[in-house]
Amino acid sequence: MADTNPTFSVSFKLLPSMTSFDFRNYQALSDLHQVHKFLGPASIYPITQNNNALFKELTLFLKDPSQYSGMCFSQAMNDALWLAAVSPETNPDAVLTAASVLIMASLSNKDSAQDLSWLWEEYKDIYRAATPPVRAALMNGFKRLRHSRLLPDDCKPSEEDLLTRALSDVEEILIPIARSMTSAEIESVAAADYGMDLEKHMGALTDLLDSPTLAYPPGERWFPAEVVELTSHVQGRTGWLPCSAIMLLDAVRTLDNRSNAEFRFESQWRDYRRLPARERAAFHAALRYLYESDAFNPQFPNYHCFDTDNDVSLCWNEWP
């Protein structure tokens, strides 16, 4: 659905109350916030129907969840959210919206978190039937509650519940970017290790680009992985874009067992966001796959430098 209400177009911002940055919590909150923009104002209206005070309270919460403490919501707002969350026959979208707000509130203010296990037990099949980005946002929200011991262990989403896109979908959009490497870029990339073993790296890189799956050969991967990784580490270097795509392909297939994607995102997240839409969507889809597979948790030790113009969250529901 189109986002026709500017009230819900505010980008999620870093919670100033955070004493240490938790990327996985931050991403989960960001995705839950995006659910409202995707479902649109029609999904909010039944919760606050004919009640301007409730609409204003919900609007303020969505703009900045960090300002809420104690009970989080007024009793009237809390009652309205729960009523919507348990009334699928009235408005299915409102069920999703209300659940996402209740999860956000508990994740944002863990000292006053509510027990949402009943929502999981009764309505998890409704959440599973939602469009993939909404489903994944809700399921990863429940996972974060479970991680924080705010839900019992048996409230456990499946691996499929947590994924917005399948691995094959992510591979499909990364491979063309990797294959776009020109002959001049191949020569430059092959020389990235101070020109050492130039011919070997060039031959291995050419073979990789010509292979059906564009996967590193089993066993010895130094050729050409070393020069690909060196090139992907320096934005602006000749061949950086296709090498970054190759690096991400390997990362999603191995669940980033070498932390290449995690390390590069920590230092290059701004560069990834500035890419043209097609490439940005592909890179963020790969990083999202790692996040949703629980194989990605960048640390960002200087998180206090971020503000609303420096959003490190992964793009939501963006696809080439």
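Modeller: In this chat, Ala, Val, Leu, Ile, Met, Phe, Trp, Tyr, Cys and Pro count as nonpolar, Asp, Glu, Lys and Arg as charged, and the others, Gly among them, as polar. The structure we are looking at is a predicted model.

Colleague: Thanks! How many helices and strands are there in the protein?

Modeller: The protein has 14 helices and zero strands. Read from the N terminus, the elements run α-α-α-α-α-α-α-α-α-α-α-α-α-α.

Colleague: And what percentage of the 320 residues is buried?

Modeller: Buried residues make up 54% of the 320. Here is another overall number: take the contacts between residues at least 6 apart in sequence, and 72% of them join residues at least 24 apart.

Colleague: Let's talk about holes. How many cavities of 30 Å³ or more does the structure hold?

Modeller: There are three of that size. The largest has a volume of about 90 Å³, and the second largest has about 50 Å³.

Colleague: What lines the largest cavity?

Modeller: Its lining includes Thr164, Arg165, His284, Arg288, Glu292 and Trp319. Sorted by class, the lining has five nonpolar, three polar and four charged residues.

Colleague: How do the residues lining the second largest cavity divide?

Modeller: They divide into three nonpolar, four polar and five charged. Among them are Tyr216, Arg221, Glu229, Met247, Asp250 and Asn260.

Colleague: Which helix gives the most to that lining?

Modeller: That is helix H12, residues 240–254, with four residues.

Colleague: I'd like to hear more about H12. How far apart are its end C-alpha atoms?

Modeller: They are 21 Å apart. The expected span is 1.5 Å times one less than the number of residues, so the 15 residues of H12 should span 21 Å, which agrees.

Colleague: Is H12 mostly covered or mostly uncovered?

Modeller: Mostly covered, since twelve of its 15 residues are buried. The buried ones include Trp240, Pro242, Ser244, Ile246, Met247, Asp250 and Val252.

Colleague: What covers those buried residues?

Modeller: Several helices help with that, including H8 (167–179), H9 (183–190), H10 (198–210), H11 (222–232), H13 (260–273) and H14 (277–292).

Colleague: What follows H12?

Modeller: Leu255 does, and its phi is positive, near 55 degrees.

Colleague: New topic: pockets. What is the volume of the second largest pocket?

Modeller: It is about 250 Å³. The second largest pocket is lined by 16 residues, and Lys143, Glu159, Leu162, Glu292 and Asp294 lie nearest its centre. The elements giving two or more residues to that lining are helix H6 (132–147), helix H7 (159–162) and H14.

Colleague: Which of them has the largest share?

Modeller: H6 does, with four residues. By class, the lining of this pocket has four nonpolar, three polar and nine charged residues. You may also spot that Glu292 lies nearest the pocket's centre, along with the four others I named, and that Glu292 helps line the largest cavity.

Colleague: Nice! Where do nonpolar side chains tend to be in soluble globular proteins?

Modeller: They tend to be buried together. In this model, the largest nonpolar core has 95 residues, and Phe23, Leu116, Tyr127, Leu174, Ile246, Phe265 and Phe283 touch the most other members. Helix H4, residues 92–108, gives the most to this core, with eleven residues.

Colleague: What is Phe283 in contact with, leaving aside its neighbours within four places in sequence?

Modeller: Its contacts are Leu174, Ile177, Leu241, Ser244, Ala245, Leu248, Tyr272 and Leu275. One of those, Leu174, is also in the group of core residues that touch the most other members.

Colleague: Now Leu198. Where is its place?

Modeller: Leu198 is in helix H10. Its relative accessibility is 30%, so Leu198 counts as partly exposed, because that class sits between 20% and 50%. Not counting residues up to four places away in sequence, Leu198 touches Glu187, Ala190 and Ala191.

Colleague: How far apart in space are Leu198 and Val227?

Modeller: Their C-alpha atoms are 9.6 Å apart, and the two are 29 residues apart in sequence.

Colleague: Last one: is Glu57 buried or exposed?

Modeller: Glu57 is buried, with a relative accessible area of 14%; the cut-off for buried is under 20%. Glu57 sits in helix H2, residues 52–63. The C-alpha atoms of Glu57 and Ser74 are separated by 8.4 Å, and these residues are 17 apart along the chain.

Key: Residues numbered from 1 in each chain as written. Predicted model: local features only at pLDDT ≥ 70, side-chain atom pairs only at ≥ 80, totals over all residues. Heavy atoms only, no water. 1 Å grid on protein atoms, 1.4 Å probe; cavity = no way out; pocket = protein on both sides within 12 Å on 5 of 7 lines; lining within 4 Å. Points joined across faces, edges and corners; volume = space filled by probe spheres on them. Buried < 20%, exposed > 50% of the residue type's maximum accessible area, 1.4 Å probe, protein only. Contact = heavy atoms within 4.5 Å. Core = buried A, V, L, I, M, F, W, Y, C linked by side-chain atoms within 4.5 Å.
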